[in-house]
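Please open the model in your viewer and keep the selection panel at hand. The stops below say what to select next and what is there.

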Amino acid sequence: MHAIKLNGSGGPEVMAWADAPDPVPGHGEVLIEVAAAGVNRADLMQRQGFYPPPPGASEVIGLECSGIVAALGDGVRDWQVGDRVCALLSGGGYAEKVVAPATQLLPVPDGLDLGAAAALPEVAATVWSNLVMTAGLQSGQLLLIHGGGSGIGTHTIQVARSLGARVAVTAGSAEKLQRCKELGASVLINYKEDDFVAAVRAESSGADVIFDNMGAVYLSRNVDALADFGHLVIIGMQGGVTGELNVAALLRKWGTVHATNVRNRPATGHGSKAEIIAEVNRHLWPLVADGTVAPVIHAELPITEAGEAHRLLESGEAFGKVVLRVQDL
Ligand SMILES: NC(=O)c1ccc[n+]([C@@H]2O[C@H](COP(=O)([O-])OP(=O)(O)OC[C@H]3O[C@@H](n4cnc5c(N)ncnc54)[C@H](OP(=O)(O)O)[C@@H]3O)[C@@H](O)[C@H]2O)c1
C-alpha cells in the first residue's frame, strides 16, 4: 500500500506519499480500506517531532479515517466486510489501509459521504468525552469555547446547542465569529480585540464550562471567567504548558480544572477509547444521523497534497476541518 512517510521531522515538505507495508489486523482488530483521513492540529505537532505516537501505535500520521471494512481479525463480531465505517485511531490514518480496534469504529450513517465522515471521529470523541462525560454540561448552562472556528470548536458549538446550553466563542476574526453564530453561538468574542473575561461576565456570572485550546496563557483568565462550580477543561497547549494557577480564586468558586487527551487513553476499560466511542455511538451518533450535528469541512484535498493541507491548517484560514481524500471507494 501507500502511506504518508516522514523524512525526518520539520515542515510540511518532510511528508511523502510512499510505499509502506500492509497492516494486518490482530485479535479484536479490523482492517479498513481508507477513503479519507481527517487532519488534526496534533498531526502538525507529530510532523514537527513534538508528539510521538503512543507505544505500539502506527508511526504513520492520522488520528481518524473513514472507509470500508476489508478484513476482520479474530474475535470481531460486530462488523462485517463491506461495512461503511469511520474510526478513531492512535495513528496510521494517512494511508490506503489501516487497522483499528473494532471498539473504535462507528457506522457511517446513510446519506453521509465518506469524505465528510472522516472529519468526525476525533472531534466527536474529544467533544463528547470532555463536555458531557467529564464536565457534565447541562441544558441552560453557559459554555465558553476558545477557538470556536476550529475543527473542534465547530463541532462543540453544535453538540452544546443540541444539549440546550448557551454558547460563547472566541475567534480571531469577525468572519469566523459570524460563522460560529450561524452554527448556534450567541456570545461572540474577538480574542484579538475583546477581553473574554469581561464579555462572559457581561452575559452571566461566569461560564459553567470552559473548553480551552490555549493552556498556559489563558489559565488565570479562564479561572476568572468561571462561574461557581464551573469546570475548566483544557484540551490544547497552543499557548504553552506551564502557567500559574491561583488556587484561592479556584477554591472560592468551588471550581475544577481538567486536562485531558484522547490519543493516549487506554484502548479498553475505565476512561478508555472504547468507552468513549460506545457513548458517542449511543448518544451523539443519532444527532449525526439526523443532521442535527453535521461535519463542518473547510477543504478536501488529495492525500498527495497532505503538505498543502497542513499549511492550510497552520495558516489559520480554515473554518472547521480539513480532510484528505485517499481513494474513491
Ligand atoms: N486533548 C485532546 O484529546 C484533543 C483532541 C483534538 C484536538 N485537541 C486540541 O484542540 C485544539 C483544536 O484542534 P483542531 O484540530 O480543531 O485545530 P484547528 O482547527 O487548527 O484550530 C486551532 C484554533 O486555535 C484558535 N486560536 C489561535 N489562537 C487563539 C487565541 N489566542 N485564543 C483563542 N483561540 C485561538 C484558532 O482561532 P482563529 O483561527 O479564529 O484565530 C483556531 O480556531 C488544538 O489545540 C488541539 O491540539 C485536543
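Begin by selecting residues 29–39 and 64–72, which are strands β3 and β4, and which pair in the antiparallel sense over seven bridges. Two strands count as paired if DSSP finds at least two bridges between them, and the elements themselves are DSSP runs numbered from the N terminus, helices being H or I over at least four residues and strands E over at least two. Within this pair, show A37, which stands opposite C65 in β4. Before going further, note that this is a predicted model, in which local features need pLDDT of at least 70 and side-chain atom pairs count only at pLDDT 80 or more, whereas totals for chains, interfaces and linings use all residues. Residues are numbered from 1 along each chain as its sequence is written.

Now add residues 84–88, strand β5, which pairs with β4 in the antiparallel sense over five bridges. To find a point of reference here, select S66 and then C86, its bridge partner in β5.

Next, widen the selection to residues 10–324, where an unreviewed UniProt entry places the feature "domain: Enoyl reductase (ER)"; UniProt positions follow the numbering used here, feature names are shortened, and annotations may be inferred rather than shown by experiment. The end C-alpha atoms of residues 10–324 lie 20 Å apart, and the span is 30% helix and 26% strand.

Move on to helix α6, residues 196–203, and display F196, V197 and V200, which are buried. These three residues are on the same side of α6 because they cover an arc of only 100 degrees around the axis, the arc being that of the directions from the helix axis to the C-beta atoms. A residue is called buried if 20 or more other C-beta atoms lie within 10 Å of its own, exposed if 12 or fewer, and partly exposed in between, with C-beta atoms placed from the backbone. Rotate to the other side of α6, where A198 and A202 are exposed.

What do the buried residues of α6 pack against? Select β8 (142–146), β9 (166–171), β10 (187–190), β11 (207–212) and α7 (219–225), which are their packing partners; contact here requires C-beta atoms, placed from the backbone, within 7 Å.

Finish with two backbone details. In strand β12 (residues 226–234), select F229, a residue other than glycine whose phi has a positive value, near 60 degrees; F229 is exposed, with 11 other C-beta atoms within 10 Å. Then go to the loop between α8 (247–252) and β13 (256–259) and select W254, whose phi is likewise positive, near 55 degrees, in a residue other than glycine. W254 is exposed, with 11 other C-beta atoms within 10 Å.

Note on methods:
Contact = placed C-beta atoms within 7 Å.
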